Amino acid sequence: SDAIINAGCPADPNAFEASMRGMLALNSEARGLRVLACSSLTLAWIASGRLTAHFGYDLSSWDLVAGAMLIQEAGGCITDLDGSEYQVETRNMLCSNDREVHNQILSVLKSADAVSFERVTK
């Protein structure tokens, strides 16, 4: 598709592996992939149409709340990577400005086993 998708760059090694599995699976499905490690910026870009989608892992509410509101007000979608509705407690998320593309990305991520990860404990 014509989608330009950003992937998060999580600190947890297992989350990073999940992100890379997602990127590999989406590589042939999208026009372009990016890795910008600033969720608040990428969410604003999705709301404005500069990016199509962003998926990320292990995020905190302060990384998502404002951008989620922008995307929702612009008519976009934001869900957990398992497809469930976004809530303030959501840590793994997919946001997009197109519902059809959103569902396609969710399907690709699920097929690539890239919707969750086992947190590394220290």
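Which residues does Ile105 touch, not counting residues up to four places away in sequence? Keep that question in mind while you walk through this predicted model, beginning with the sheet and coming back to Ile105 afterwards.

**The sheet**

Select the strands to start with: 5 of them form an open sheet in the order E2-E1-E3-E5-E4, and the pairing is mixed. The edge strands are E2 and E4 (77–80), each of which pairs on one side only. If you turn the view to look along the strands, note that neighbours in this sheet are rotated against each other by 15 degrees on average, direction ignored.

Next, colour strand E1 (4–7). On one side E1 pairs with E2 (residues 32–34) in the parallel sense, over 3 bridges, and within this pairing Ile5 stands opposite Leu33. To get from E1 to E2 the chain passes through H1, and this β-α-β crossover is right-handed. E1 also pairs with E3, again in the parallel sense and over 3 bridges; here Ile5 stands opposite Ala53.

Show the side chains of E1 as well. In a regular strand the side chains alternate between the two faces of the sheet. In E1, Ile4 and Asn6 lie on one side and Ile5 and Ala7 on the other, and all of these residues are buried, so that both faces of the strand are covered.

Now move on to E3 and E5 (residues 93–96), which pair in the antiparallel sense over 4 bridges. A useful pair to label here is His54, which stands opposite Cys95 in E5.

**The helix across the sheet and the cores**

Select helix H4 (99–111), which lies across E1, E3, E4 and E5 and runs at about 25 degrees to E4. With H4 still highlighted, add the largest nonpolar core, a set of 23 residues in which those with the most contacts inside the core are Ile5, Leu26, Phe55, Tyr57, Ile105 and Leu109. The elements that give two or more residues to this core are E1, helix H1 (13–27), strand E3 (53–56) and H4, with H4 providing the largest share, 5 residues.

This brings you back to Ile105, whose partners you can now display: leaving out residues up to four places away in sequence, Ile105 touches Ile5, Leu26, Ala53 and Leu94. A second core, separate from the one just shown, has 12 residues and includes Leu51, Leu64, Ile78 and Cys95.

**Two residues to look at singly**

Go to Cys9, in the loop between E1 and H1. Is Cys9 buried, exposed or partly exposed? Its relative accessible area is 42%, and Cys9 is therefore partly exposed, as this value lies between the 20% and 50% limits. Apart from residues up to four places away in sequence, Cys9 touches Phe16, Val35 and Ala37. If you draw a distance from Cys9 to Trp62, the C-alpha atoms are separated by 16 Å, while the two residues are 53 places apart along the chain.

Finish at Ser39, which is found in helix H2 (residues 39–48). Ser39 counts as buried because its relative accessibility is 12%, which is under the 20% limit. Setting aside its neighbours within four places in sequence, Ser39 is in contact with His54, Leu59 and Asp63, and among these His54 is the residue you have already labelled opposite Cys95.

Technical notes: Residues numbered from 1 in each chain as written. Predicted model: local features only at pLDDT ≥ 70, side-chain atom pairs only at ≥ 80, totals over all residues. Heavy atoms only, no water. Buried < 20%, exposed > 50% of the residue type's maximum accessible area, 1.4 Å probe, protein only. Contact = heavy atoms within 4.5 Å. Core = buried A, V, L, I, M, F, W, Y, C linked by side-chain atoms within 4.5 Å. Pairing = 2+ DSSP bridges. Right-handed = clockwise from strand over helix to strand, strands pointing away. Axes fitted to C-alpha atoms, helices over the stretch in contact; angles between N-to-C directions.
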